[in-house]
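User: Could you take me through one part of this model closely, the open sheet and what surrounds it? I would enjoy a connected account with the cut-offs spelled out.

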Amino acid sequence: MQSKKTNDADVIGYCCMRFPVTDLKRSVDFYCNVLGFELISADYQFGEAHLALKNGNGPGIFLMETKPEDVTQLKFVFPRSFFVTSSTGHVTMVELLTNDLLALHERIKQAGADIDKEPVFTNDFGYFTFYDPDGHYIRAVEERGVY
């Protein structure tokens, strides 16, 4: 049972997401030049970069350089769950919102990223899935009639 003192201790937002990457400069280039994030700060000697959306929405992303042998490739499991699975547990897929799904898809494809699922559109939204340079599974979504 929670005490009165802890009843108001709710999660009120996201402050950041952290992604392990094997080549920090390559990943900064992909997230900034392909996906359109803004570089806030980078310490290449320390192995960390802080990125944010240009419009200020959402949490920041920290790219953390690590050795390739320390990165476990994950596999998306669908339709049973919206989880990426590995031998060590579950990691939720990241979803990004875009105002032009087809243009973003073309830019990501031209950058040489691995596209998992080509764009699909319903009456309400469109989406496609791809992997960043380190194999992080990302879904891009456009809400129809919003933009």
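Analyst: Happily; here is the sheet, then its packing helix, the pocket, and a short visit to another helix and strand.

This is a predicted model, in which local features need pLDDT of at least 70 and side-chain atom pairs count only at pLDDT 80 or more, while totals for chains, interfaces and linings use all residues. Residues are numbered from 1 along each chain as its sequence is written, and side-chain values use heavy atoms, with hydrogens and water left out.

The sheet is open and mixed in its pairing, with 4 strands in the order S8-S11-S10-S9. Helices (H or I, at least four residues) and strands (E, at least two) are DSSP runs numbered from the N terminus, and two strands pair if DSSP finds at least two bridges between them. Strands S8 (94-97) and S9 (114-121) stand at the edges with a single partner strand each, so one side of each has no neighbour in the sheet. On average, neighbouring strands are turned by 20° against each other, direction ignored; axes here are lines fitted to C-alpha atoms, for helices over the stretch in contact, and angles run from 0 to 180 degrees between N-to-C directions.

S8 and S11 (residues 137-143) run parallel and are joined by 4 bridges. Glutamate 95 stands opposite arginine 139 in S11. Helix H2 (residues 101-110) packs on this sheet, touching S9, S10 (125-131) and S11, and its direction makes about 165° with that of S9. Contact means heavy atoms within 4.5 Å.

S8 also matters for the largest pocket, giving the most to its lining with 4 residues; S8 and H2 each supply at least two. That pocket holds about 790 Å³ of space, and of its 24 lining residues the closest to the centre are Phe37, Leu53, Leu96, Leu97 and Thr98. On a 1 Å grid over the protein atoms alone, a pocket is an open set of points where a 1.4 Å probe fits, with protein on both sides within 12 Å along at least five of seven lines, and lining residues have an atom within 4 Å of a point. The volume is the space filled by probe spheres set on the points, which are joined across faces, edges and corners.

Elsewhere, helix H1 (residues 24-34) has buried residues including Leu24, Phe30 and Val34. Alanine 42 lies in strand S2 (residues 37-43) and is partly exposed, at 34% relative accessible area. Buried means under 20%, exposed over 50%, and partly exposed in between (1.4 Å probe, protein chains only).
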